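User: Please take a close look at one part of this model, namely how its helices pack, and explain the terms as you go.

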Amino acid sequence: MLGDHLAMDLLNTEAMVDGKTVDYWGSGEDVLGWMARHGIAPADADGPLDLEALLARGRTLRTLVRQLVEQRKQGSVGDTAPIAALDAYLRAHVSAPHLARDSEGGLTLTRQARAEPVASMLGRLAEATAQLLVDGDFDLVKQCQHPECVLWFYDRTKAHKRRWCSMALCGNRHKAAQFRKKAAL
């Protein structure tokens with residue numbers, strides 16, 4: 001998606017619009033829809049999914065991820081408390097190997113969630129974040145350079161010169177502002 005990494009897309013669920021912070025996760029249904037668009041389906045559960053818990057724990061995870069990414073971007077993750085908090089999400093994400101037939105009659109090995117559904121869903125986000133913190137090149141973790149934008153992305157371009165969350169959004173706004181500035185001179 002826009003962030004080119006699941007952890008970046010998680011951070012981008014909060015944005016600035018007209019100078020105000022907008023949280024795109026206003027309800028548990030919003031979180032569930034976002035996760036579905038990112039290929040994270042709820043685990044099979046005995047009962048209904050607790051959408052209030054999903055919203056609250058998802059927002060807490062997002063805040064934690066922002067803190068860890070910003071610290072790592074600055075060159076360190078000094079405090080161990082955020083690491084321990086992320087690790088709690090990872091420990092709650094219990095899964096087991098599952099062997100099944102695929103659509104062509106062959107075998108496929110996947111992982112099946114064994115934890116409660118909210119922990120399983122958020123555990124996928126925590127795992128993507130942990131993988132980024134361990135293996136990611138933080139020279140490629142960037143925040144949009146438009147002064148009114150707070151979105152993050154992982155720069156996978158060949159030259160690693162990406163500056164904008166989206167050229168169609170912030171890049172064009174910047175170019176138009178520069179053009180207006182030159183025209184006023």
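Analyst:
**Helix packing around α3 and α5**

The axes of helix α3 (residues 51–73) and helix α5 (residues 117–135) come within 10 Å of each other and cross at roughly 5 degrees. This is a predicted model, in which local features need pLDDT of at least 70 and side-chain atom pairs count only at pLDDT 80 or more, while totals for chains, interfaces and linings use all residues. Residues are numbered from 1 along each chain as its sequence is written, and side-chain values use heavy atoms, with hydrogens and water left out.

Helices are DSSP runs (H or I, at least four residues), numbered from the N terminus. Axes are lines fitted to C-alpha atoms, for helices over the stretch in contact, with angles from 0 to 180 degrees between N-to-C directions. Helices α3 and α5 are therefore roughly parallel to each other (angles under 35 degrees).

In their contact (heavy atoms within 4.5 Å), residues of α3 including Leu54, Leu61 and Leu68 meet residues of α5, among them Leu122, Leu125 and Leu132. By class, this contact of α3 with α5 has 14 nonpolar, two polar and two charged residues (Ala, Val, Leu, Ile, Met, Phe, Trp, Tyr, Cys and Pro are nonpolar; Asp, Glu, Lys and Arg charged; the others, Gly among them, polar).

Helix α2 (residues 28–37) has Gly28, Val31, Trp34 and Met35 as its buried residues (under 20% relative accessible area, against over 50% for exposed, with a 1.4 Å probe and protein chains only). Seen down the axis of α2, these buried residues fall within an arc of 125 degrees, so they line one face of the helix (the arc is that of the directions from the helix axis to the C-beta atoms). They pack against α1 (6–11), α3 and α5. On the other side of α2, Glu29, Ala36 and Arg37 are exposed.

Methods:
Helices (H or I, at least four residues) and strands (E, at least two) are DSSP runs, numbered from the N terminus. Angles under 35 degrees count as roughly parallel, over 145 as roughly antiparallel, 65 to 115 as roughly perpendicular and the rest as oblique.
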